[in-house]
Amino acid sequence: MMEYEVEERSNTLIIRLTGDIDLQTSPNVRQGLMGSIDKGRPIIVDLSGVDYIDSSGVASLVESLQTMRKKGKQFILVSVSEKAMRVFQLARLDKVFTICSDLDEGLKIVKGE
Amino acid sequence: MSQIDDSVSSEAQGALDFLAEMGQEFSSTPDLDKTLLKAVHLIAEYVKAEAGALFLLDKNQKYLDCVASVGPVQITGLRLNADHGIVGNSVQQNSGYIVKDVEADPTFNKAVDDKTGYKTRSILCAPMGVKDERVGAIELINKRGDTGLFSDDDLNLLQVLATSAALAILNARMAEQLVEQERLRRELELAAEIQRSLLPNISPEDFPVHGMNLPARVVSGDFYDYYQLDDGRIAFTLGDVSGKGMNAALLMAKTASLLRCLGKAILEPGALLARVNEEVCETVTRGMFVTLVQGIYDPERGYVRFANAGHEPPLVLTSKGEFFTIPAESPPLGISPSLIGDENFPEQEIHLDGGALYIFSDGVTEGYLAMGDELGAEGFKSLVKKTEKKGVFSLLSILKAKILEGDRPLRDDVTLLVVDDNISVKSKRFERGFVEAGPTVSLGEKLMTIRIAARPDRLRLVRRSVEETSKFIGFGKNDVSDIVLAVDEACQNIIRHAYKANEDGEISIEIRKRDSAMIILLRDYAEAIDVSKVKPRDLNDIKPGGLGTHLIREVMDDVNFLSPPFDGGNLLRMVKMIG
């Protein structure tokens with residue numbers, strides 16, 4: 001139900017999540033994110049395939065963001081759907097995360113353009 | 001002389017030993033018939049008779065039945081007329097009888113001998129009785145030895161033995177009766193225990209509904225009950241079965257069970273009473289009937305809706321301190337199903353608005369006080385007034401003390417049920433949060449209900465159900481997403497915090513539309529959680545915990561934990577306004 005893909009491009013890990021992130025799937029998402037974080041590269045999470053995210057999914061992303069900040073690495077969310085964006089707004093986290101409209105924009109930020 | 005004294009005392013000692021042995025026999029064996037046989041055997045041995053028989057008077061004292069016999073011929077089971085013959089005369093005249101030599105007695109009836117082929121030569125018979133109470137007689141036949149004839153000494157001895165046998169038999173019978181009485185008493189106790197278990201547990205003082213039942217006898221014909229419905233409202237009942245004692249208690253148990261069972265499915269008091277009436281009419285016997293009030297109280301809004309089947313008019317004390325009563329509008333249950341026809345029983349609705357409703361059996365107002373006066377309706381009202389400020393527990397305990405004060409036994413079961421809206425107004429348990437428009441306890445239309453395993457892999461199914469229901473009600477795209485999120489988060493809280501991830505639990509979800517509100521009720525069956533610890537997180541502190549609760553409060557117009565249902569668990573109500 002939940003797909004987790006990792007692609008490496010210009011020294012950046014691009015993680016594509018597809019499906020609902022809920023109490024059932026968020027443990028896998030968290031595990032995947034933590035694994036990717038260990039690689040020590042900037043991370044872009046593409047949420048275009050995520051129609052639904054709940055508090056446990058948001059919590060996994062928050063935890064990743066905090067870990068990445070400590071490492072001084074960038075952690076960017078891109079292509080956030082309207083529904084998912086609503087949840088970030090409700091959680092007042094829309095200003096905490098770096099959120100870009102699409103992947104290209106995210107990559108530009110990573111490159112410092 | 002000294003020699004004679006010695007012989008007398010040794011003979012007396014022998015008789016005493018014998019009596020002691022027989023007494024022992026009687027007190028140690030529960031089987032009276034066996035004991036009697038042993039007694040006849042011992043007596044015949046002691047008097048040195050060839051044969052012996054013990055006769056007992058039957059219940060009507062018309063016949064003497066041989067219940068034990070020893071000797072060459074068995075006559076156990078033989079029945080003699082109690083008013084003639086040697087045994088009959090002995091019993092009638094309460095005196096010993098001796099036929100030293102049958103050959104010389106023309107009155108001797110040879111019929112038995114002819115039948116048995118046994119040659120009777122000499123007969124002893126002594127009545128068994130204590131004071132005026134006749135029990136029966138012991139007959140001995142033929143002295144062992146050459147002559148085979150009894151002497152007057154033998155008769156004296158038998159008379160002593162027969163008297164003590166009579167005492168022993170009476171004792172044994174009394175013991176039997178005591179055992180039987182004890183058994184009946186124990187059965188009644190057990191019945192009362194089961195009956196008490198039909199009454200609800202004592203609820204905490206800040207719960208708005210309380211009751212009391214004092215049975216006049218061991219078991220009661222009255223009952224009361226209350227329990228919380230899944231939507232937070234409280235159903236209550238008070239009934240009085242005509243009569244007292246076991247038959248009333250059994251009908252009470254039946255009616256109470258029917259109400260408890262059907263009351264969870266039929267949420268309209270009038271319809272519920274109609275249904276219970278049909279059942280009671282089908283089986284009720286000998287003109288018994290049940291007067292009953294059944295209703296539903298909405299603690300959040302202070303409304304009570306009830307139906308009254310021929311019961312004493314409930315009493316209302318308004319928040320301004322005024323009393324009024326509401327008379328019954330229909331006959332008792334069990335009179336006739338056709339009295340009401342297919343119609344439901346009429347319902348009445350009142351807004352307690354901080355006041356209280358008192359429903360009671362006539363045992364309350366007709367209860368005797370210490371001086372022998374009845375408490376009466378006015379007496380009850382003044383008790384209510386006096387304890388108004390001190391709370392329901394105070395009323396219940398003072399009423400109990402007043403009615404039990406005199407030495408008189410209760411003349412009728414005393415039963416009282418109180419619905420105190422004032423508690424709801426004050427209690428944190430029943431915060432009067434969100435109140436929709438309209439003076440009706442109606443719950444609106446039930447659109448969706450599911451009961452589902454409390455597991456993460458069921459949440460998707462929950463979301464789809466809630467999504468479709470929200471769309472059906474007419475919410476816009478964004479609201480639908482919000483509602484779905486809120487229900488999902490609430491379910492997560494149940495899974496993670498109430499059930500602590502134990503996947504055996506279940507969640508019930510019910511969605512209703514009432515006026516312009518969508519009402520979502522979430523119920524779990526876990527241990528009650530501490531509501532005060534359910535707090536939205538501080539948004540500056542970005543940690544996972546509490547985020548879900550924050551999201552729920554963000555998107556819903558009203559979120560309330562209702563008081564925990566009686567059978568445990570938690571009940572969360574969320575309201576989303578339409579438009």
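A residue counts as buried when its relative accessible area is under 20%. In this predicted model, A:Ser26 has a relative accessibility of 5%, so A:Ser26 is classed as buried. A:Ser26 belongs to helix 1 of chain A, which covers residues 26-37. Apart from neighbours within four places in sequence, the contacts of A:Ser26 are A:Ile21, A:Ser56, A:Gly57 and A:Ser60.

From this residue, the description can widen to the sheet of chain A. Here, 5 strands make up an open sheet with mixed pairing, arranged in the order 1-2-3-4-5. The edges are taken by strand 1 (3-9) and strand 5 (98-100) of chain A; each has a single partner strand, so one side of each has no neighbour in the sheet. On average, and with direction ignored, neighbouring strands of this sheet are turned by 25 degrees against each other. Inside the order, strand 2 (residues 12-18) and strand 3 (residues 43-49) of chain A run parallel and are joined by 5 bridges. One pair of facing residues is A:Ile14 and A:Ile44, the latter in strand 3 of chain A. Helix 2 of chain A, residues 55-71, packs on the sheet and touches strand 3 and strand 4 (75-78) of chain A. The direction of helix 2 of chain A makes about 145 degrees with that of strand 4 of chain A.

Chain B may be introduced through its overall figures. Its secondary structure consists of 14 helices and 21 strands. Of the 579 residues in chain B, 50% are buried. Among contacts in chain B with a separation of 6 or more, 66% link residues 24 or more positions apart. Chain B exposes about 27800 Å², and carbon and sulfur atoms supply 51% of that area.

Strand 19 of chain B (residues 517-524) is a good place to look more closely. In this strand, 8 of the 8 residues are buried, so the strand is largely enclosed by the rest of the structure. In a regular strand, side chains alternate between the two faces of the sheet. In strand 19 of chain B, B:Ala517, B:Ile519, B:Leu521 and B:Arg523 point one way, while B:Met518, B:Ile520, B:Leu522 and B:Asp524 point the other way, and all are buried.

Strand 19 of chain B also has pairing partners. With strand 18 (residues 506-514) of chain B, the pairing is antiparallel and extends over 8 bridges; B:Lys513 has B:Met518 of strand 19 of chain B as its bridge partner. These strands form a hairpin with 2 residues between them, and B:Asp515 in the turn has a positive phi of about 50 degrees. Strand 21 (residues 570-577) of chain B also runs antiparallel to strand 19 of chain B, and 8 bridges join them. There, the bridge partner of B:Ala517 is B:Met577.

Attention can now turn to the nonpolar cores. The largest contains 67 residues, and B:Leu522 and B:Met574 have the most contacts inside it. Helix 13 of chain B (residues 477-498) gives the most to this core, contributing 11 residues. Beyond its neighbours within four places in sequence, B:Met574 touches residues including B:Ala486, B:Val487 and B:Ala490. The contacts of B:Met574 also include B:Met518, B:Ile519, B:Ile520 and B:Leu522. A second, separate core has 41 residues, among them B:Leu272, B:Leu292, B:Val304 and B:Val316.

Note on methods: Residues numbered from 1 in each chain as written. Chains lettered and ligands numbered in written order. Predicted model: local features only at pLDDT ≥ 70, side-chain atom pairs only at ≥ 80, totals over all residues. Heavy atoms only, no water. Buried < 20%, exposed > 50% of the residue type's maximum accessible area, 1.4 Å probe, protein only. Helix = DSSP H or I, 4+ residues; strand = E, 2+ residues; numbered from the N terminus. Pairing = 2+ DSSP bridges. Core = buried A, V, L, I, M, F, W, Y, C linked by side-chain atoms within 4.5 Å. Contact = heavy atoms within 4.5 Å. Areas by Shrake-Rupley, 256 points an atom, 1.4 Å probe, with all protein chains shown as cover. Axes fitted to C-alpha atoms, helices over the stretch in contact; angles between N-to-C directions.
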